[in-house]
Amino acid sequence: MEDMKTALLFLLFAFGVARAASFAEHTLATDLKGGYQVVAADLNHDGHVDLIALASGLPDLLWFENPGPKGGDWKRHVIVSNQKHMINCAAWDYDGDGIPEIVLATEFANQAKNSIGIVSVLRHEGDPTQPWSIKEIDRLTTSHRLRWADIDGSGKKVLVNAPLTGAKAEAPEYRDNAPLVYYRPGEWKRQMIGEANHGVQHGIYINDWDGDRRDEILTASFSGIGIYKLLKSGAWQYRLLTAGDPTAWPKSGSSDIAVGKAGKTRYVAAIEPWHGNQVVAYGPNWDRKVIDDSLVDGHTIATADFDGDGNDEIVAGFRGAGRSVFIYRWDESGWKKTVLDNGGMAAAACAIADFNEDGRPDVACIGSATTNLKWYENKK
């Protein structure tokens, strides 16, 4: 009966049948030791979406220049060098010159006592293909996820920093409150959002959750999936949306999250628990549906409408044995899994953008053990 209820819930998400998208694979690099994050952004103001490649085992933060719809080689450039244990970056043009500034987190370790957590701002010096300047703005232990967000609807984004854990957390329990902070560009003063999440706070997702033209911050942690909202009073409000995986601590909660849509209906996709094996879809009433439990060290999840049917598919990748990326698509009979990359991508992160400017979203992923960067062209 419960399975029938869940199936009926997700049936509301289906709006006709369309052919699943197909993809052509393009390899951009094979030497990215400890590949960890890929970010899609136009770094030279030429109208083409480039890729930032962050590899924790390299001293250089790299970017790959998109040749545009005519095709050709993606040129490789160094943004900054001599960095240690890079873990995350976020790009946004806050000075309005057409080229984004980048905020970078380095000197990361899972154990808070071993993690310096340096946060720095990178700016181009006129030619973005040449080395950028770097200026340290903060040190916050286990600084781990960086994202830009328009928290007040002004159009002026702030930089959100989500440390992995609290300063007193220790493996394997990681029992401490994990802070969430933000910085206003130029001022770069650390300001507290809250520390409602417990244990490992692994994923954050920026989204206008309530449609008020202001971004909220969704978080995934041992506590589950929660949301922070800046109220008009200036205070921050936290609400726990779901507890995530019901397994006992420290296998509880959620790890990575993304928001998708099916027509006008919203769902939340998640990898659970931390670095977990499950791909989970939450419907409008937070009914939890495990749609796959075969991942090994799941580490990235995203959503996009690849086939143009009005419903978002789910992209999920994992770093452990099998090292693959899957796409999940809903139809009348349930969620269907197809393979985007079979064994050739230990996906630590994936980004979605229209790289060849044909009007269809493509996928880019970076691999940890596979040390590679690929983009997958949506051929529909």
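Two strands count as paired here if DSSP finds at least two bridges between them. With that in hand, let's walk through this predicted model, starting with one of its sheets.

Four strands make up an open sheet, running in the order β2-β3-β4-β5 with antiparallel pairing. The edges are held by β2 (35-41) and β5; each has a single partner strand, so one side of each is left without a neighbour in the sheet. On average, neighbouring strands of this sheet are turned by 25° against each other, direction ignored. In general, strands of a sheet pair through backbone hydrogen bonds, and the pairing may be parallel or antiparallel. If you would like to look at one pairing up close, try β2 with β3 (residues 50-55): six bridges join them in the antiparallel sense. Within that pairing, Val39 has Ile52 in β3 as its bridge partner.

Now let's turn to the loops and their backbone. As background, most residues other than glycine have a negative phi, and most peptide bonds are trans. His85 has a phi near 50°, a positive value in a residue other than glycine. You will find His85 in the loop between β5 (75-80) and β6 (88-92). Its relative accessible area is 46%, which means that His85 is partly exposed, as the range for that label runs from 20% to 50%.

Arg323 also has a positive phi, about 40°, although it is not a glycine. This arginine sits in the loop between β23 (313-318) and β24 (325-331). With a relative accessible area of 35%, Arg323 counts as partly exposed.

Two cis peptide bonds are worth finding as well. One runs from Trp249 to Pro250, with omega near 5°, and Pro250 belongs to the loop between β17 (236-242) and β18 (256-262). Another cis bond links Glu272 to Pro273, with omega near -20°. Here the proline, Pro273, is in the loop between β19 (265-272) and β20 (278-282).

Our last stop is Thr370, in the loop between β27 (362-367) and β28 (373-378). Is this loop residue buried or exposed? Thr370 counts as buried because its relative accessibility is 18%, and the label applies under 20%. What does Thr370 touch, leaving aside residues up to four places away in sequence? Its contacts are Thr30, Arg323, Gly344, Met345 and Ala346, so we meet Arg323, the residue with the positive phi, once more. As for Ala346, the side chain of Thr370 reaches the backbone nitrogen of that residue at 3.0 Å.

Conventions: Residues are numbered from 1 along each chain as its sequence is written. This is a predicted model: local features need pLDDT of at least 70, side-chain atom pairs count only at pLDDT 80 or more; totals for chains, interfaces and linings use all residues. Side-chain values use heavy atoms; hydrogens and water are left out. Helices (H or I, at least four residues) and strands (E, at least two) are DSSP runs, numbered from the N terminus. Buried means under 20% relative accessible area, exposed over 50%, partly exposed in between (1.4 Å probe, protein chains only). A polar contact is a pair of N or O atoms within 3.5 Å; within protein, one must be able to donate a hydrogen and the other to accept it, and residues adjacent in sequence count only if both atoms are side-chain atoms. Contact means heavy atoms within 4.5 Å. Axes are lines fitted to C-alpha atoms, for helices over the stretch in contact, and angles run from 0 to 180 degrees between N-to-C directions.
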